[in-house]
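I opened this one to go through its overall build, a few odd backbone spots and its empty spaces. Notes follow in the order I looked things up.

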Amino acid sequence: MKRILTMQDLSCVGQCSLTVALPVLSAYGIETCVLPTAVLSNHTMFKSWSYLDLTPEIDAIFREWKNNGFKFDAFLLGYLGKKELMSAAERCFDEFSADGAPVIIDPVFADNGKLYGGFDAEYVAEMRKLIRRADIILPNITEACFLTGTEYRETHSDEYLDTLAQRLRALTGGTVVITGAEKDGLIGEYILDNGKSEYVLLNKEPQKRHGTGDIFASVFTANYLGGDSLPESCRKASSFVIDCLKTTGDEHFYGVKFEKILKERH
Ligand code: PXL
């Protein structure tokens, strides 16, 4: 059985980051270890939140992991929150990777053309460096634009997506999976892997909800580590997110009811 380390925040309320990654990865049979980057009362799409930065605890955690000889077979990074955590992430890859452990990074700092609250150009610049360590990156269109200095557009031609993907590829050297790519009224991923590009597209649900990127990243990672191909992992993750959106309805504004879909599928 694979042992993964997922590094992202713990938002006590909000169905995102660790409260998604932990149940999803575990349900797929993966031993899931966590490195919480911060504890928030709730995610930052609510009108206010508290924020405890856990950077000061990282040294102690790493010291004990070293003492106990822990290694991880894969890494999934999501919302880190502070740029200081990027060097912690690099230390983590250096010190705690089992042989050949893939690094999957969802940059998580922006959406809908804008940075999330609390992020700035410096954070983006640090993320640009961190993704050099990734085997696979999972940015949405907005993050892809910030990372590559490309103009944000709501409609995506093949050329636009290809430019974004090639620019990202030049930054990371790894596989690029751009999420939220839209084509012919469908939505999904634009993948650039080893010089080959392809779309994975499904029907678009009209509503947008918070946390769906985190669900996508977790389901994608679970399937990919389970041996599915990149496009198949994307297709399963997108279809999972679409089912979550369908089941959630309009009255639940801050996330999606992924628990029901997870239960049905396991
Ligand atoms: O879903 C991404 C995410 C994760 N964690 C926190 C967030 C967000 C997006 O806003 O605020 C705390």
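**Entry 1: terms and overall build**

Before placing any residue, I fixed my terms: a helix here is a DSSP run of H or I with at least four residues, a strand is a run of E with at least two, and both are numbered from the N terminus. I am working on a predicted model. On that count I get 9 helices and 11 strands for the protein.

Next I checked the overall size. A compact globule of 266 residues would have a radius of gyration near 18 Å, and the protein comes out at 17 Å, so the two agree. Along the principal axes, the C-alpha atoms fill a box of roughly 55 × 40 × 35 Å. Of the 266 residues, 50% count as buried.

**Entry 2: positive phi**

I went looking for residues with a positive phi that are not glycine. S17 is one of them, with phi at about 40°. I found S17 in the loop between β1 and α1, the helix of residues 18-27. Is S17 buried or exposed? Its relative accessibility is 1%, and buried means under 20%, so S17 counts as buried.

V108 also has a positive phi of about 40° without being a glycine. V108 is in the loop between β5 (103-105) and β6 (110-111). At a relative accessible area of 7%, V108 is buried too.

**Entry 3: helix α3**

I tried a ruler test on α3, residues 84-96. With 13 residues at 1.5 Å each, the helix should span 18 Å, and its end C-alpha atoms are 18 Å apart, so the expectation holds. Then I listed the buried residues of α3: L85, M86, A88, A89, C92, F93 and F96. Looking down the axis, I see these buried residues fall within an arc of 160°, so they line one face of the helix.

**Entry 4: the largest pocket**

On to the empty space. Rolling a probe the size of a water molecule over the atoms shows where empty space is left. The largest pocket has a volume of about 1200 Å³. I counted 48 residues in its lining, and D111, N140, K208, T212 and G213 lie nearest the centre.

Which elements each supply at least two lining residues of this pocket? My list is β1 (3-11), β7 (114-115), α5 (141-148), β9 (175-183), β10 (186-193), α7 (212-225) and α8 (230-248). The element that gives the most to this lining is α7, with 5 residues. Sorted by class, the pocket lining holds 18 nonpolar, 17 polar and 13 charged residues.

**Entry 5: the cavity**

How many cavities of 30 Å³ or more are there? I get 1. The volume of the largest cavity is about 40 Å³. Its lining is made of Q8, L76, L77, G78, D106, D214, A217 and S218. By class I make that 3 nonpolar, 3 polar and 2 charged.

I checked where those residues come from. Both β4 (74-77) and α7 supply at least two of them, and α7 gives the most, with 3 residues. So α7 turns up as the top contributor again: I had already noted that it gives the most to the largest pocket.

**Entry 6: D214**

D214 was on the cavity list, so I followed it up, citing the 20% cut-off for buried again. D214 sits in helix α7. With a relative accessible area of 14%, it is buried. I also looked up its distance to C16: the two are 198 residues apart along the chain, yet their C-alpha atoms are separated by 6.1 Å.

**Entry 7: two more spot checks**

I picked G188, which lies in strand β10. G188 has a relative accessible area of 3% and is buried. From G188 to L161 I read 12 Å, C-alpha to C-alpha, with their positions 27 residues apart in sequence.

Last stop was N112, in the loop between β6 and β7. Its relative accessible area is 42%, so I noted N112 as partly exposed. N112 and L10 are 102 residues apart in sequence, and their C-alpha atoms are 23 Å apart in space.

Definitions and conventions. Residues numbered from 1 in each chain as written. Predicted model: local features only at pLDDT ≥ 70, side-chain atom pairs only at ≥ 80, totals over all residues. Heavy atoms only, no water. 1 Å grid on protein atoms, 1.4 Å probe; cavity = no way out; pocket = protein on both sides within 12 Å on 5 of 7 lines; lining within 4 Å. Points joined across faces, edges and corners; volume = space filled by probe spheres on them. Nonpolar A, V, L, I, M, F, W, Y, C, P; charged D, E, K, R; others polar. Expected span 1.5 Å × (residues − 1). Buried < 20%, exposed > 50% of the residue type's maximum accessible area, 1.4 Å probe, protein only. Arc of directions from axis to C-beta. Rg over C-alpha atoms; globule rule 2.2 N^0.38 Å.
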